[in-house]
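Please work through the exercises that follow with the sequence and the structure at hand. Each task is followed by a solution in steps.

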Amino acid sequence: MGLLSDPVRRRALARLVLRLNAPLWALPVAWLERTMRSVGLEVYTQSFSRKLPFPDETHERYMVSGTNVYGILRAPRAASTESLVLTVPCGSDSTNSQAVGLLLALAAHFRGQIYWAKDIIFLVTEHDLLGTEAWLEAYHDVNVTGMQSSPLQGRAGAIQAAVALELSSDVVTSLDVAVEGLNGQLPNLDLLNLFQTFCQKGGLLCTLQGKLQPQDWTSLDGPLQGLQTLLLMVLRQASGRPHGSHGLFLRYRVEALTLRGINSFRQYKYDLVAVGKALEGMFRKLNHLLERLHQSFFLYLLPALSRFVSIGLYMPAAGFLLLVLGLKALELWMQLHEAEVGLEEPGGAPGPSVPLPPSQGVGLASLVAPLLISQAMGLALYVLPVLGQHVATQYFPVAEAEAVVLTLLAIYAAGLALPHNTHRVVSTQAPDRGWMALKLVALIYLALQLGCIALTNFSLGFLLATTMVPAAALAKPHGPRTLYAALLVLTSPAATLLGSLFLWRELQEAPLSLAEGWQLFLAALAQGVLEHHTYGALLFPLLSLGLYPCWLLFWNVLFWK
Amino acid sequence: MAAAMPLALLVLLLLGRKGWCLAEPPRDSLREELVITPLPSGDVAATFQFRTRWDSELQREGDTDHYFLRYAVLPREVVCTENLTPWKKLLPCSSKAGLSVLLKADRLFHTSYHSQAVHIRPVCRNARCTSISWELRQTLSVVFDAFITGQGKKDWSLFRMFSRTLTEPCPLASESRVYVDITNYNQDNETLEVNPPPTTTYQDVILGTRKIYAIYDLLDTAMINNSRNLNIQLKWKRPPENEAPPVPFLHAQRYVSGYGLQKGELSTLLYNTHPYRAFPVLLLDTVPWYLRLYVHTLTITSKGKENKPSYIHYQPAQDRLQPHLLEMLIQLPANSVTKVSIQFERALLKWTEYTPDPNHGFYVSPSVLSALVPSVVAAKPVDWEESPLFNSLFPVSDGSNYFVRLYTEPLLVNLPTPDFSMPYNVICLTCTVVAVCYGSFYNLLTRTFHIEEPRTGGLAKRLANLIRRARGVPPL
């Protein structure tokens, strides 16, 4: 591997890095184009613009417009049917300029080789993930999120794999790998194995979730550290957000991962040559692929880079949790049936010709109102915050982003107050039948939802199941109501989110204070809504249209009169 | 453009009943030529053409019968030395003498573009077409990449390109020439120098632009005798800038859009970059049957407006028998991009129909564009027999147009693929076992069994039993 072995190339790289380190306000499109063309690539640009539904305060952007630059290295004598992508997302500041430098150096090196069988696309995107989303949508000629972008001039067939690179300094102490993509999708495990192989080969220090790999699995420390990494992965995957620009590639069935160069206070540091060698090795291996990566697992959890938990092992856990709901529903069904029989007997109406007792019909009718109202609350939660942000800013002294978050919380809280006033006591004969029927419906609804979620995004399904199932199974209008109410509130989706944030920072060994936690919670809410609108993340609609109404039904059961 | 031309096979089945005759027919002598075109990017394109003609005893029976016209494409074929060796054997001098000395596999496959073709066609020998010759034409085009083979340097020589030089003409050849494009050389700003200096030049209109070629005739004895070999060298006096290459008037791009394994869309972009002339394009598409086209979704838009094709021929696919055939004549407005798109659904194949590498995807053959592209410079009609062979690559029809046939890139489409892995095999095996067991159990459970009483037998048996009983032996 002759990358950067000659001093001329190394000096060129140093020059590039120096040039890119100068303060930038926008992507130096013309310069990038010129440089890529001088390296010998086919260069194209794509401009895009997007108006976010409300201002993004964490990234400080609202009306976004930018330009992506990409260069295609055509494989000799091939027909451009397949390609690989190396992408570098650039934010508004020049934090990722070292990665651009490495990308250009790699492009120059790759261009001189004759062994390429697949085209290689070198992509530099502006406004990090927004640019990537715009480019991917234009490449596949679809419009999922309402992005306005110019059509692409050059394409290179079906993308087989992609690697995203983020470097914040020109020396790194370790490489962190991120696999979790949009909606909890994961790349094929073989891609990760490939990365790990080259890390070991090059002697690079690799981390997963920012954690070092445990060496000793026999003592208690190793498995404990593995568990921490595993929990971090579960939390990250459950969030459903793309952790790095690779996450957006997964929707198009492009296996992808993000490599992040970390520069911490370690003694031994690697320069970019080591990172470049690992990347070159990965690309050569991917270049040899005859088929798409499909042999290994698509569904897994990682306690360490070299170990994984397969779906066959973790799925029963979620299955048993959901079984609780199923059994509880069965019990309620039996009780309802018994109550029906019990009603008939004292009535003393003999003969089979007696029509169905009226209480059953009324019982079902009484379910309609709470179901409809809770669903309406969910719909309001989904639609109103973004729709009503301008009204809110007119009447209250808040900014748009704050307005959205506060409206969200207000509607969420209002949901708790609303539904239990809506139903009337309809059956004097069987006061229990109403809530039992409602709980039965709610249990089945919850079990179905959690089952579906666990199949697509296991971590989210499992996290919600562990929190919601016990409270849902216990909820009833008798007994220690305040205790149940407290339990229900603590396990509501919003509280789960808050709790996850605290757990997340605790596991990262950066614990939060309460005030910080609250701020982070508000920011996470805004991010969740934004990610749904900008990338099509499904967590927000799932919670607002599915789980929140379902949870309200249990709240309704608890306060059944 | 950069899309490599696939090995398209156009087979004209025009053989009569008589078939091939066994005796070697008299040959016309060989014409061979090599055209070297330095590109502004620093790359060098080299095109070999060899043409042989011989008389045949086959007579044409009236017009071409279109029922015998076949079109087939193999989109996946990758050209390698296995294709080159038999191709070289068709040449009369093989690779012993003449231009074919330069055809050295390890250099030809170090290029960034490689296209190799064999054309066989009947040619009329006279104006009334009473007798026919068969023409065999072999072409080979390669583009040498300045980045890969030249290590960044842009000067070229025959030796550097092919690691051989020309020493002698093929004795069987009636014409053996090397043409070097020196269009820039003769202008005021000299950028290119050719060595040895050419004795004659040739001027013509190729692809709508005026070109000047330096001619090196191998049959000219002085040419080789001067230095015992001919090593043509190109030198850039002023290295060309890294600017985007000039865009041709007609180019195209094809891709699959959409994601997921259920539906998709085939899109073809046709670019007409001519500033003021519109021209029609004949688009021929063959799509395999396992992409089920929705023809009602066929949309053609240019400049934001719908573009109605003046002619459409569509032949629907039959499962496992024939692909979709779609042929359209589309008018491309001046300076526009026309998008032709059609949606499709991915079919489920039978499990034996998958290729050994189903996760690689399935190839869709390139579309073929045929067009008369208006040229900027008017060309005068030429005598085909006298002009160089490369002139007929882009034949000029009436002086203002030239004919171009373009192939777009082939596509790779993923179909819904079962998991052909160990669990899949286990499921198959289990299903077989269950089916066998179920079958036999069902048989056992539903069949009614009757115990057939043994017939009492005839008189002889009864008698025998009586005797046996008397003797104390158990009866029959």
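The exercises below concern a predicted model.

**Exercise 1. Classify the ring pair A:Phe297 and A:Phe308, and locate both residues.**

Step 1. A pair of aromatic rings is described by the distance of the centres and the angle of the planes. A search of the whole structure finds 30 aromatic pairs over all chains.

Step 2. For A:Phe297 and A:Phe308, the ring centres are 5.0 Å apart and the planes stand at 50°, so this pair is tilted. Angles under 30 degrees would count as stacked and those over 60 as edge-to-face.

Step 3. A:Phe297 belongs to the loop between helix 7 (272-287) and strand 12 (300-304) of chain A, while A:Phe308 belongs to strand 13 (residues 307-310) of chain A, so the pair ties together parts that are eleven residues apart in sequence.

Step 4. Both residues are partly exposed: the relative accessible area is 34% for A:Phe297 and 35% for A:Phe308.

**Exercise 2. Determine how the rings of B:Phe144 and B:Phe162 are arranged, and state whether each residue is buried or exposed.**

Step 1. The centres of the two rings are 5.4 Å apart, and the angle between the planes is 90°. The pair formed by B:Phe144 and B:Phe162 is therefore edge-to-face, because its angle is over 60 degrees.

Step 2. B:Phe144 is in strand 6 (residues 132-144) of chain B and B:Phe162 in helix 3 (residues 158-162) of chain B; the pair links distant parts of the chain, 18 residues apart.

Step 3. B:Phe144 has a relative accessibility of 0% and counts as buried. B:Phe162, also at 0%, counts as buried as well.

Step 4. Both residues belong to one aromatic cluster, which includes B:Phe48, B:Phe50, B:Trp87 and B:Trp156 too.

**Exercise 3. Identify the rings over which the charged ends of A:Arg155 and A:Arg307 sit.**

Step 1. The charged end of A:Arg155 is placed over the ring of A:Tyr139, at 5.9 Å from the ring centre.

Step 2. The charged end of A:Arg307 is placed over the ring of A:Trp217, at 4.1 Å from the ring centre.

**Exercise 4. Describe the contact between chain B and chain A.**

Step 1. Chain B contributes 33 residues to the contact, and chain A contributes 33 residues.

Step 2. The size of an interface is often given as the accessible area lost when the parts come together. Between chain B and chain A about 2700 Å² is buried, and carbon and sulfur atoms give 53% of that area.

Step 3. Two salt bridges are counted between chain B and chain A. One of them joins the side chains of B:Lys339 and A:Asp141, with 2.7 Å from N to O.

Step 4. There are 13 residue pairs in polar contact between the two chains, with both residues at pLDDT 80 or more. On the side of chain B that touches chain A, the elements giving two or more residues are strand 5 (113-124), strand 13 (250-257) and strand 14 (263-272) of chain B.

**Exercise 5. Characterise the surroundings of B:Thr408.**

Step 1. B:Thr408 is found in the loop between strand 23 (401-407) and strand 24 (411-413) of chain B. With a relative accessible area of 2%, B:Thr408 is buried.

Step 2. Not counting residues up to four places away in sequence, B:Thr408 touches B:Ala252, B:Arg254, B:Thr268, B:Pro366 and B:Ser367. The backbone nitrogen of B:Ser367 is reached by the side chain of B:Thr408 at 3.0 Å.

**Exercise 6. Locate B:Ser163 and B:Arg320, and state the sign of phi in each.**

Step 1. Most residues other than glycine have a negative phi, and most peptide bonds are trans.

Step 2. B:Ser163 is not a glycine, yet its phi is positive, about 55°. B:Ser163 is placed in the loop between helix 3 and strand 8 (173-181) of chain B, and counts as partly exposed at 24% relative accessibility.

Step 3. B:Arg320 also has a positive phi, near 65°. The residue B:Arg320 lies in the loop between strand 18 (311-315) and strand 19 (324-332) of chain B, and counts as partly exposed at 37% relative accessibility.

Notes:
Residues are numbered from 1 along each chain as its sequence is written. Chains are lettered from A and ligands numbered from 1 in the order in which they are written. This is a predicted model: local features need pLDDT of at least 70, side-chain atom pairs count only at pLDDT 80 or more; totals for chains, interfaces and linings use all residues. Side-chain values use heavy atoms; hydrogens and water are left out. Rings of Phe, Tyr and Trp (its six-membered ring) pair if their centres lie within 6.5 Å; planes under 30 degrees apart count as stacked, over 60 as edge-to-face and the rest as tilted. Helices (H or I, at least four residues) and strands (E, at least two) are DSSP runs, numbered from the N terminus. Buried means under 20% relative accessible area, exposed over 50%, partly exposed in between (1.4 Å probe, protein chains only). A charge sits over a ring if NZ of Lys or CZ of Arg is within 6 Å of the ring centre and within 35 degrees of the ring normal. Contact means heavy atoms within 4.5 Å. Buried area is the accessible area (1.4 Å probe) that two parts lose on being put together, summed over both. A salt bridge is a side-chain nitrogen of Lys or Arg within 4 Å of a carboxyl oxygen of Asp or Glu. A polar contact is a pair of N or O atoms within 3.5 Å; within protein, one must be able to donate a hydrogen and the other to accept it, and residues adjacent in sequence count only if both atoms are side-chain atoms.
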